[in-house]
Amino acid sequence: MLDKLKNLIDVKSIITILLTVVFCILTLKRIISQEFLTIYTTIIAFYFGTQYQKNVESKNQENNEK
């Protein structure tokens with residue numbers, strides 16, 4: 001549990017969380033712009049893409065060690 005919390009404190013995660021909060025606020029106020037939506041979508045896709053790649057690489061490494 002503590003390891004997961006430590007992983008959340010890297011810059012990439014902080015930026016993603018802050019952008020999600022801003023996205024929610026702008027959506028509730030109904031003032032979201034197309035430019036922000038494009039930037040937000042790109043950053044979220046990058047974040048989850050890198051997380052997915054890390055998981056795939058760690059599973060491959062575990063399988064190779066067996």
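**Briefing: core, aromatic cluster and surface residues**

I14 is partly exposed: its relative accessible area of 39% falls between the limits of 20% for buried and 50% for exposed residues. The model described here is predicted. Helix α2 spans residues 11-29, and helix α3 covers residues 34-65. The points below treat the nonpolar surface patch, the nonpolar core, the aromatic pairs and several individual residues.

**Nonpolar surface patch**

- I14 is a residue of helix α2.
- Together with I9 and L18, I14 forms a nonpolar patch on the surface.
- The combined accessible area of I9, I14 and L18 is about 300 Å².
- I14 can belong to such a patch because its relative accessible area is 39%, and patch residues must have over 30%.

**Nonpolar core**

- The largest nonpolar core consists of five residues, namely L19, L26, F36, Y40 and I44.
- Two elements, α2 and α3, each give two or more residues to this core.
- Helix α3 makes the greatest contribution to the core, with three residues.
- L26, a member of this core, touches I31, I32 and F36 when residues up to four places away in sequence are not counted.
- F36 has a relative accessibility of 16% and therefore counts as buried, the cut-off being under 20%.
- Y40 is likewise classed as buried, with 12% relative accessibility.

**Aromatic pairs and cluster**

- The count of aromatic pairs comes to three.
- One of them is the stacked pair of F23 and Y40, whose rings are 4.5 Å apart centre to centre, with 5 degrees between the planes.
- Because F23 lies in helix α2 and Y40 in helix α3, this pair ties together parts that are 17 residues apart in sequence.
- F23 is partly exposed, at 22% relative accessibility, whereas its partner Y40 is buried at 12%.
- F36 and Y40 also form a stacked pair, because their ring centres are 6.1 Å apart and their planes stand at 10 degrees, which is under the 30 degrees required for stacking.
- Both F36 and Y40 belong to helix α3, where they are four residues apart, or about one turn of the helix.
- F23, F36 and Y40 make up one aromatic cluster.

**A buried threonine in helix α2**

- T16 is located in helix α2.
- With a relative accessibility of 7%, T16 counts as buried.
- T16 is in contact with I43, I44 and Y47, leaving aside neighbours within four places in sequence.
- Among these contacts of T16 is I44, which is a member of the largest nonpolar core.

**The loop between α2 and α3**

- R30 is placed in the loop between α2 and α3.
- The phi angle of R30 is positive, at about 60 degrees, although R30 is not a glycine.
- R30 is exposed, with a relative accessible area of 76%, and thus exceeds the limit of 50%.

**An exposed tyrosine in helix α3**

- Y52 is found in helix α3.
- Y52 has a relative accessible area of 58% and is therefore exposed, unlike Y40, which is buried at 12%.
- A distance of 32 Å separates the C-alpha atoms of Y52 and K29, two residues that are 23 residues apart along the chain.

Methods. Residues are numbered from 1 along each chain as its sequence is written. This is a predicted model: local features need pLDDT of at least 70, side-chain atom pairs count only at pLDDT 80 or more; totals for chains, interfaces and linings use all residues. Side-chain values use heavy atoms; hydrogens and water are left out. Patches are made of residues with over 30% relative accessible area and no salt bridge: like charges are joined within 9 Å, nonpolar side chains (Val, Leu, Ile, Met, Phe, Trp, Tyr) within 5 Å. Accessible areas come from the Shrake-Rupley method with a 1.4 Å probe; for residues, only the protein chains shown count as cover. A salt bridge is a side-chain nitrogen of Lys or Arg within 4 Å of a carboxyl oxygen of Asp or Glu. Buried means under 20% relative accessible area, exposed over 50%, partly exposed in between (1.4 Å probe, protein chains only). A nonpolar core is a set of buried Ala, Val, Leu, Ile, Met, Phe, Trp, Tyr and Cys residues joined through side-chain atoms within 4.5 Å. Contact means heavy atoms within 4.5 Å. Rings of Phe, Tyr and Trp (its six-membered ring) pair if their centres lie within 6.5 Å; planes under 30 degrees apart count as stacked, over 60 as edge-to-face and the rest as tilted.
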